[in-house]
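Q: Could you walk me through the charged pairs, the sheet and the odd backbone spots in this one before I set anything up?

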Amino acid sequence: MCSLGLFPPPPPPGDVTLYELNNSLVCGRLSEQLPLAFQSQVPDLPVLTLPKEPLKAHGRLEPSARSPFIHHRESLWKRCLSAWRDAGLCGLLRELASAEEEGLQWLRTGSSHALAVCRWLSSLHGSLFPHLSLTSEDMIAAFSQAVDWAGCTIRAFAWHPHTNKFAVALLDDSIRVYNSNSATVPSLKHRLQRNVAAMAWKPLCASILAVACQSCVLVWHLDPTSLSTRPSSGCAQVLSCPGHSPVTSLAWAPSGERLLSASPVDTAMLVWDVSTETCVQLQWFGGGGVTYLAWSPDGSKVLAATPSAVFRVWEAQMWTCERWPTIRGRCQTGCWSPDGSRLLFTVLGESVIYSLSFSEYRGEMQGQVGGSKTASIVADLSETTFETLYGEERIGGEVHSMVWDPTGERLAVIIRGHPECAGSQPAVAVFRTRNSPVFELLPCGFVRGERGAQPQLISFHPCFPQGALLTVCWSSGRISHIPFFFVSALEPRGSPRRSPAPVLGSVREQPLFSEL
């Protein structure tokens, strides 16, 4: 089992991690360039610094705030329809109970009694699932993959699966799209685009971006040839379902045919057909909601984490599932191996990484998840003290987020540390991995940013041909790209350039097309 005690010491203060070579992370000054031999092998990606000062988050609306416009009284059925769409059954009953139309005394009385029963059941449900008492913003902050979602400049990040293009969601609820082949930076804004928790590009498509918002899912259709920096809000589809908000996680099927969305207040995971704007609810009672989704790269399975001490893995053909209870807390994050045969996950309150292996069933056994009965611990990330020339440095604690590169040979994790302890700060640890013939997890090193910057989000480039490319979003607003140069163990070492590791049913083997 791997532990932080086997890692090399972290880079000295003032140095930043530049790249990986010969299985070691190389650090230096921020102004240093890559060696000449490697400069041509890295795409010309923008290294951004997005300061917090020019951005302004939307203020919370106080309950006592009054609209500056005169309210136009709509008909009862229109108000009921709007209340049902915005707040579900309780909203509908609340609207009927407060109706002022004459001759509806019986309806008001019945609705008041039904509303009282709903509130009692809601309070009982809230005692079982405390997260339901949180506000929408606090709920998103609690379940976001960003370390400090509420206070950081960058709230979500998403690489395009096929090109050197990425989207960045900012504190002011705007989304910017950067492309290495274009100087145009579209800025996406929509009246419903509030409190963005996650984003996901549609596979096998040029420019369709799904955005998880507070009240809905927005699907942006962007013209890759357009020079406009402010696409119209008419370019966005609105996908909403009563009782399914806030949305905290999204996942596209590798084929691009279906989109999954999850909300901590909804026990159902929604499977969207975006073309028809319809959804199917995958209902499974228990758990209190769904907080995080991860679709395996081979398209066979889906991880669904809940706010409670249980998570599920769904089989994506017959849509059956298996549940795994945890001991101390909820599943915080997880990631799949490229072939979908192994799931790595972490649990809130524990400083370890767990592993689950899965078998592939055919014939009569097809449709079963095939997971192992118990999870094994593959890494211990308990706090470790490193003695350096610059003093002691403590690293370790719970894992907040975790990503596995498409080759299956590098794993990056954000370790939260212990904020209450002086000298303990979040850190990015990188492991070398191998999934076959046996699973191995070996230490590589720590990724360091500029002085005072803490990691917020991490993501691997989906198709970097020289190894792996890790993108780190820092608390300072800086987005850095760190190349890991290595030759994949899945191909001959004499190959000067390689394609991503082939995976059965992988989307990389299919042609790219646009739906525009």
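A: What follows goes through salt bridges, buried charges, cysteines, one sheet and some backbone details, and all of it refers to a predicted model.

Q: How many salt bridges are there?

A: The count comes to six salt bridges.

Q: What does Asp 15 pair with?

A: The side chain of Asp 15 forms a salt bridge with that of Arg 29, with an N to O distance of 3.5 Å. The two residues are 14 apart and link distant parts of the chain, since Asp 15 sits in the loop between β1 (2–3) and β2 (16–21), while Arg 29 sits in the loop between β3 (24–28) and α1 (36–39).

Q: And is Asp 15 buried or exposed, and what about Arg 29?

A: Asp 15 counts as buried because its relative accessibility is 13%, which is under the 20% cut-off. Arg 29, in contrast, has a relative accessible area of 46% and is partly exposed.

Q: Which residue does Glu 20 pair with?

A: Glu 20 forms a salt bridge with Arg 410, and their closest N and O atoms are 2.7 Å apart. Glu 20 belongs to strand β2 and Arg 410 to strand β28 (residues 410–415), so this salt bridge ties together parts that lie 390 residues apart in sequence. Both Glu 20 and Arg 410 are buried.

Q: What about Arg 448, which residue is its partner?

A: Arg 448 forms a salt bridge with Glu 393, where the closest N and O atoms are 3.0 Å apart. Because Arg 448 lies in the loop between β30 (440–447) and β31 (455–460) and Glu 393 in strand β26 (residues 391–395), the pair ties together parts that are 55 residues apart in sequence.

Q: Switching to buried charges without a partner: where is Asp 172, and what is the nearest side chain of opposite charge?

A: Asp 172 is located in the loop between β6 (165–170) and β7 (175–179). Asp 172 is buried but has no salt bridge, and the nearest side chain of opposite charge is that of Lys 189, 5.0 Å away. That pair does not count as a salt bridge because the rule asks for a nitrogen and a carboxyl oxygen within 4 Å. The side chain of Asp 172 does make a polar contact, at 2.7 Å, with the side chain of Ser 174.

Q: What is around Arg 478?

A: Arg 478 lies in strand β33 (residues 478–485), and it is buried without a salt bridge, the nearest side chain of opposite charge being Glu 450 at 4.7 Å. Leaving aside residues up to four places away in sequence, Arg 478 touches Leu 30, Val 47, Leu 48, Thr 49, Leu 50, Glu 450, Val 472 and Cys 473.

Q: How many disulfides are there?

A: The structure holds zero disulfides. Among the cysteines, Cys 235 is partly exposed at 28% relative accessibility, whereas Cys 335 is buried, with a relative accessible area of 7%.

Q: Now the sheet with β1 in it: what is the strand order?

A: Five strands make up an open sheet with mixed pairing, in the order β1-β24-β23-β22-β21. The edges are taken by β1 and β21 (331–336), each of which has a single partner strand, so one side of each is left without a neighbour in the sheet.

Q: Is β1 parallel or antiparallel to β24?

A: β1 pairs with strand β24 (residues 376–380) in the parallel sense, over two bridges. One of the residue pairings is that of Ser 3, whose bridge partner in β24 is Asp 380.

Q: Where are the cis peptide bonds?

A: A cis peptide bond joins Ser 245 and Pro 246, with omega about 0°, and Pro 246 falls in the loop between β12 (236–239) and β13 (249–252). There is also a cis peptide bond between Ser 436 and Pro 437, again with omega about 0°, and Pro 437 is in the loop between β29 (427–434) and β30.

Q: Last thing, which residues other than glycine have a positive phi?

A: They include Asp 173, with phi near 75°, and Trp 319, with phi near 55°. Asp 173 is in the loop between β6 and β7 and is buried, with a relative accessible area of 5%. Trp 319 is in the loop between β19 (310–315) and β20 (321–325), and with a relative accessible area of 23% it is partly exposed.

Key:
Residues are numbered from 1 along each chain as its sequence is written. This is a predicted model: local features need pLDDT of at least 70, side-chain atom pairs count only at pLDDT 80 or more; totals for chains, interfaces and linings use all residues. Side-chain values use heavy atoms; hydrogens and water are left out. Helices (H or I, at least four residues) and strands (E, at least two) are DSSP runs, numbered from the N terminus. Buried means under 20% relative accessible area, exposed over 50%, partly exposed in between (1.4 Å probe, protein chains only). A disulfide is a pair of cysteine sulfur atoms within 2.5 Å. Two strands pair if DSSP finds at least two bridges between them. Lys and Arg count as positive and Asp and Glu as negative; His and the chain ends are not counted. A polar contact is a pair of N or O atoms within 3.5 Å; within protein, one must be able to donate a hydrogen and the other to accept it, and residues adjacent in sequence count only if both atoms are side-chain atoms. Contact means heavy atoms within 4.5 Å.
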